[in-house]
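Visitor: Hey, can we look at this one together? I'd like to start with the pockets.
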Amino acid sequence: MSAQGSPYASGPPSRRGDHAHKDANSLRRTSDRFEGWFRRVLTVVLLLGLPAAAVSTGLTAYEASMGTVRAQTAERHQVTARLTAGVQSDEGWAKLPAQVRWTDTNGVVRTGAALVKPGTPKGAPVRVWVTREGTVTGPPTSTLNATSSGWMVGAMAAFGVAAGCYAALAGMRLILNRKRYAQWDAEWDLVEPQWSARFRR
């Protein structure tokens with residue numbers, strides 16, 4: 001026997017499957033190929049779609065909130081008002097509504113209700129936010145709120161994309177598994193009579 005044909009010939013053995021395509025596996029079903037393709041699509045969606053959705057929705061929410069900040073900042077301003085009556089002191093720490101009076105830039109005396117600390121005496125100065133029409137209101141939204149809103153909406157969008165991909169994968173596997181079980185049942189109905197006949201001989 002020549003050294004070339006000897007099972008003990010030196011040299012690295014040839015690897016099995018060097019010339020075989022990865023999809024040439026006879027046990028690989030069409031549903032397996034589809035599942036692999038679907039997983040790759042979902043991976044691309046996660047890698048590209050998730051950050052894109054998070055950034056775009058986050059920036060949109062931030063810009064919308066900043067528009068509100070700019071509008072409220074232009075519409076509202078602070079004035080120094082005076083309490084028209086003292087606020088009774090109690091054991092609570094929460095601020096209580098009280099009537100205040102101030103004079104606007106046009107010399108018009110205006111009144112409104114503002115939240116003040118319990119025990120504040122009559123005539124005490126109180127800083128309040130008012131609109132151009134002279135209505136007492138709250139402070140304008142801050143840029144921190146706008147930034148927080150952008151981050152929160154972006155995170156929710158990212159979570160939505162991830163949850164959607166997971167749901168799509170779970171639904172796809174559920175459908176494919178039902179189809180596989182049905183195929184196995186049909187094949188077993190064909191094989192089982194021949195299999196059980198061996199034991200009746």
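Guide: Sure, and keep in mind that this is a predicted model. The largest pocket is lined by Ala-54, Val-55, Gly-58, Leu-59, Tyr-62, Thr-147, Gly-150, Trp-151, Gly-154, Ala-155 and Ala-158.

Visitor: OK, and which helix gives the most to that lining?
Guide: Helix 2 does, with six residues. Helix 1 (30–75) and helix 2 (143–197) each put in at least two.

Visitor: How much space lies in there?
Guide: About 190 Å³. As for the residues around the largest pocket, seven are nonpolar, four are polar and none are charged.

Visitor: What about the second largest pocket, what's its volume?
Guide: That one comes to about 160 Å³. Strand 1 (76–83), strand 2 (96–103) and strand 4 are the elements giving two or more residues to its lining. There are 13 lining residues, and His-77, Asp-104, Thr-105, Thr-131 and Arg-132 lie nearest the centre. By class, the lining has three nonpolar, six polar and four charged residues.

Visitor: Switching topic: is Thr-120 buried or exposed?
Guide: Thr-120 counts as buried, because its relative accessibility is 16% and the cut-off for buried is under 20%. You'll find Thr-120 in the loop between strand 3 (109–116) and strand 4 (125–131).

Visitor: What does Thr-120 touch?
Guide: Leaving out residues up to four places away in sequence, Thr-120 touches Leu-83, Gly-86 and Val-87. Its side chain also reaches the backbone oxygen of Lys-117, at 2.7 Å.

Visitor: Last one: what pattern does the whole chain follow?
Guide: Along the sequence, the protein chain goes α-β-β-β-β-β-α, with two helices and five strands.

Key. Residues are numbered from 1 along each chain as its sequence is written. This is a predicted model: local features need pLDDT of at least 70, side-chain atom pairs count only at pLDDT 80 or more; totals for chains, interfaces and linings use all residues. Side-chain values use heavy atoms; hydrogens and water are left out. Helices (H or I, at least four residues) and strands (E, at least two) are DSSP runs, numbered from the N terminus. Buried means under 20% relative accessible area, exposed over 50%, partly exposed in between (1.4 Å probe, protein chains only). A polar contact is a pair of N or O atoms within 3.5 Å; within protein, one must be able to donate a hydrogen and the other to accept it, and residues adjacent in sequence count only if both atoms are side-chain atoms. Contact means heavy atoms within 4.5 Å. On a 1 Å grid over the protein atoms alone, a cavity is a set of points where a 1.4 Å probe fits but cannot get out, and a pocket is an open set with protein on both sides within 12 Å along at least five of seven lines; lining residues have an atom within 4 Å of a point. Grid points are joined across faces, edges and corners, and a volume is the space filled by probe spheres set on the points. Ala, Val, Leu, Ile, Met, Phe, Trp, Tyr, Cys and Pro count as nonpolar, Asp, Glu, Lys and Arg as charged, and the others, Gly among them, as polar.
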